[in-house]
Each structure stands twice: as C-alpha cells, then as structure tokens.
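Me: I've got a model open here and want to talk it through with you. Can you walk me around it?

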Amino acid sequence: MMKISAHVFRLRQARLLAMVLLLAGRAAGAASMHLAWSPVADGDLGGYRIYYGTSPGSYTKVVDTGRLTDVMLSGLADCTRYYFAAKAYDTSGNQSLVFSNEIAGLPSPLVTAVSPLSAERGQSLTVTVTGLNIERGARAVFSDRISVSSTTYVACNQVRATIVVAGDASLARQSVSIVNPDGSVGSPDGKVYQK
C-alpha cells in the first residue's frame, strides 16, 4: 500500500495577469486552481486521487489524475476556500490508507478593474484593484517603474495599493497583477509560473 508523504503535497495556484484598460472576464463557476505534488517513488504506482471540498477534512469531490503529478481543477466557486488532500494507489487499485497533508486556498486570482485608470509621472496615489479570489496578505504588482509602497486587503474581490509612479515611467499602458501569499504567478496566456 502506498501513501503520499505529508510534506510533498503543495499548492501552486495559477495567477492571471490583466492589463489596465484591457480587462479580463470569465463565466461564473469558471474559477480554477493548479495543484502539484512530488511523485511517489514506487514501481507499482498506479496513480493519484485528489480529494477536495469546502470544509477542512471533508472532501466531497475526487479527481483521478492517473500518474500525473499536477492537475488544473476547474469549475470552482470564486472567493471560496477549498481544502485538498491526496492519496496514491497501486496498479491493483489499492489506495493508501491515509491522506497526504491537507492544503487550502482560494482559486486563482483575477484582476477585473483598476481605478483610477491613469496617473502622472512622479505621482503618488492609492489605486483600487478589483477582482476575484484575492487572499488576505496578497500584494499588487505593477509593471515598469511603478512601485508599490503598501497593499491593503479589503475583501476577496478588492485591494488598495499605494503606488508611486517614477518620473521616468513609460507612458505606455501598464499591467497589474495580484500575487497571493503562496507566491505563484501566472501570465496572460494562462501558463503557470512559480516564484
């Protein structure tokens, strides 16, 4: 019987980057989350099952990933914390008796609006970034010579960032992203990068 060690299962959430003035949208229930874990070293490994739900230790859904060690779960509810644990199984279908360590998190964040939409070079101001699935402790990150002195969590759909626009910042459109405390970051093409 195989088991997934408690220290190898981790959360890696895809992060979406939205351009100011070029705002992304998605259908309700389309939230997703990327999970990855270290493989079990066993020649008889059949695969993995990921169990999850919205209460700690209570898993109402299961996904069989086969021998893959990562999965993108979709159809999740926005601003809802999910709890995950994994089990390995062998080629005969025998599943490990215990779950891996449990991890928790919100689906991938999404930026939907930024206000105000413009600022002048050398200006300091507070910007409201609206979106979905923003965790307490998240930070806003702006591109090209816009520094963030603080990010204040308001709710799972909003943060306020105090920014300073450098005197030589580009006049071109800038981007903003939300980075949740787990540190993973995504790109506009949906690829996942881990910081």
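**Disulfide, sheet and cores**

Reply: Sure, starting with the cysteines: searching the whole structure turns up one disulfide. Keep in mind that this is a predicted model.

Me: Which cysteines form that disulfide?

Reply: Cys79 and Cys156, with their sulfur atoms 2.1 Å apart. The S-S torsion is about 105 degrees, so the disulfide is right-handed.

Me: And what parts does the pair tie together?

Reply: Cys79 sits in the loop between β6 (70-76) and β7 (82-90), and Cys156 in the loop between β12 and β13 (158-165), so the bond links parts that are 77 residues apart in sequence.

Me: Is Cys79 buried or exposed?

Reply: In between: Cys79 is partly exposed, at a relative accessible area of 28%.

Me: OK, what about β7, how many of its residues are buried?

Reply: Nine of its nine. Both faces of β7 are covered, with Tyr82, Phe84, Ala86, Ala88 and Asp90 on one side and Tyr83, Ala85, Lys87 and Tyr89 on the other.

Me: Which strands does β7 pair with?

Reply: Strand β4 (residues 45-53) runs antiparallel to β7, joined by eight bridges, and Leu45 stands opposite Asp90 there. Strand β8 (residues 103-105) also pairs with β7 in the antiparallel sense, over three bridges, and in that pairing Tyr83 is opposite Ala104.

Me: Switching topic: in what order do the strands of the open sheet come?

Reply: The order is β9-β10-β13-β12, four strands with antiparallel pairing. At the edges are β9 (110-115) and β12 (146-155), each pairing on one side only. From one strand to the next, the twist averages 25 degrees.

Me: How many bridges between β9 and β10?

Reply: Five, linking β9 to strand β10 (residues 124-132). Val111, for instance, has Gly131 in β10 as its bridge partner.

Me: What's in the largest nonpolar core?

Reply: That core has 18 residues, and the members touching the most others are Val127, Val129, Phe142, Ile163 and Ile178. The elements giving two or more residues are β9, β10, β11 (139-142), β13 and β14 (175-179). β13 gives the most, with four.

Me: What does Ile163 touch?

Reply: Beyond four places in sequence, Ile163 is in contact with Gln123, Ser124, Leu125, Val127, Phe142, Ile146, Ser147 and Val148. There's also another core, apart from the largest one, with 17 residues, including Ala31, Leu35, Leu45 and Ala86.

Me: You mentioned Val148. Where is that, and is it buried or exposed?

Reply: Val148 is in strand β12. Its relative accessible area is 28%, so Val148 counts as partly exposed.

Me: What are the contacts of Val148?

Reply: Leaving out residues up to four places away in sequence, Val148 touches Ala140, Phe142, Ala161, Thr162 and Ile163. The C-alpha atoms of Val148 and Ser124 are 9.6 Å apart, and those two are 24 residues apart along the chain.

Me: Last thing: what's the mean pLDDT of the chain?

Reply: It's 80, and 78% of the residues reach 70 or more. Among the elements, strand β5 (residues 61-66) has the highest mean pLDDT, 97, and strand β2 (residues 17-19) the lowest, 23.

Me: Where is pLDDT below 50?

Reply: Over residues 1-28, a stretch with 118 contacts in the model beyond near neighbours in sequence. Residues 186-195 also stay under 50, and the model has 23 contacts for them beyond four places in sequence.

Terms used
Residues are numbered from 1 along each chain as its sequence is written. This is a predicted model: local features need pLDDT of at least 70, side-chain atom pairs count only at pLDDT 80 or more; totals for chains, interfaces and linings use all residues. Side-chain values use heavy atoms; hydrogens and water are left out. Two strands pair if DSSP finds at least two bridges between them. Axes are lines fitted to C-alpha atoms, for helices over the stretch in contact, and angles run from 0 to 180 degrees between N-to-C directions. pLDDT is the predictor's confidence in each residue, from 0 to 100. Contact means heavy atoms within 4.5 Å. Buried means under 20% relative accessible area, exposed over 50%, partly exposed in between (1.4 Å probe, protein chains only). A disulfide is a pair of cysteine sulfur atoms within 2.5 Å. A nonpolar core is a set of buried Ala, Val, Leu, Ile, Met, Phe, Trp, Tyr and Cys residues joined through side-chain atoms within 4.5 Å.
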